[in-house]
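Dear colleague,

Please find the structure below. I would be grateful if you could look through it before reading my notes.

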Amino acid sequence: EYEFAVRAGKQLLVAMREATSGRDFDAIIASEYESIGGRDLRIVYVAVCIATAGGYTVSAQQIVALTDGEPNLVLAALKGDFQDIIVPAGEGRGAYHARHRIIASLIVDGIAPREIVKEAYIRLLQVLSRDLPRNPRRSDRVFRLYKNVINHATVWDRFQRKLEMARDVFESIREYFRSDHHYWLQYGSLELEYGELDLAETYIDAAASIDPDDEIVQTTRALLFYKRSEVTDRISEASAFREAAREILIEQIKHRVDAVYPYHIMCSGELQYIRTWLSGYEVRKRPLEELKRDIDSAVKKHPYSDRLADLKKQIDGAYLELALDQ
């Protein structure tokens, strides 16, 4: 239903815009962006679009704080350059968003230059750092917006998988979030998946030192240990990393009964460890049999997880290859 509503909404929006002007939808939106006078106002607009694309609003005060120029110019722009492209979220709420989430995503993901998007990200995160409570609850609106904006995978995709630009975003806000474990977790995850393991370890350790009880931080540490086991050149070290990862994940599987992520990391990590370090039928047989039992148990507990189902196919295939090689 949600997917239908999104597609239907987009089609209706496209039809309305094209019926009005007879022009291509993307070209209309690009033209609107280009019509905004000046780099500073474009950055403000893109920052609002970043929030809107995530499903969030921003306050008038936050919009004003996004500018490097005179606050009055931004307030005036709400009735000028921004008229009809940044709109009130509701009567009397004092909140704003780009006029449509589809348009916001189009602006952020494709139309605005990446340098403008980078500056918009940095300014928005700086503004959010001032509004975040000292010990925010996960339900706090500002925290949820911050968490959405700083997600490492989203940042990676938004900057078209250019690691240096993604790093620039995190580095530029370091002083604002150096005491926040979630900042270090996302920065570490960026390096863990797309960058350097040494940097990943530094940042993930920073997250763990701030909040050692955070379950996602600990799960990410386990993933780091598995990746370390892949790249070392000593099997004793690889085995130690593997055991450290397993210790974390086995404990999490006991207590996080509804979580898929610990199962996925452990089973995929074990499969990679077997492929990297174990050779020969007799050596691989028992670990693969144990891994098959683990993934079967995981799929039984989480039958609707596509990630686990795909991983089960890989593990079953590895076991079949073992039998064929005997």
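The notes below cover confidence, the sheet and two of the helices.

This is a predicted model, in which local features need pLDDT of at least 70, side-chain atom pairs count only at pLDDT 80 or more, and totals for chains, interfaces and linings use all residues. Residues are numbered from 1 along each chain as its sequence is written, and side-chain values use heavy atoms, with hydrogens and water left out.

The average pLDDT (the predictor's confidence in each residue, from 0 to 100) is 89, and 90% of the residues score at least 70. Residues 1–7 fall below 50; beyond near neighbours in sequence, this stretch makes two contacts (heavy atoms within 4.5 Å) in the model.

Helices (H or I, at least four residues) and strands (E, at least two) are DSSP runs, numbered from the N terminus. Three strands form an open antiparallel sheet in the order S1-S3-S2, where pairing requires at least two DSSP bridges between two strands. Strands S1 (58–59) and S2 (86–88) are the edges, each pairing on one side only. Two bridges join S1 to S3 (residues 95–98), and Val58 stands opposite Tyr96 in S3.

In helix H8 (residues 141–150), the buried residues (under 20% relative accessible area, 1.4 Å probe, protein chains only) are Val142, Phe143, Leu145, Tyr146, Val149 and Ile150. They fall within an arc of 160° (taken from the directions from the helix axis to the C-beta atoms), so they line one face of H8.

Helix H10 (residues 163–172) has buried residues including Leu163, Arg167 and Phe170. Among the elements covering the buried residues of H10 are H7 (114–131), H8 and H12 (181–194).

With kind regards

Conventions:
Buried means under 20% relative accessible area, exposed over 50%, partly exposed in between (1.4 Å probe, protein chains only).
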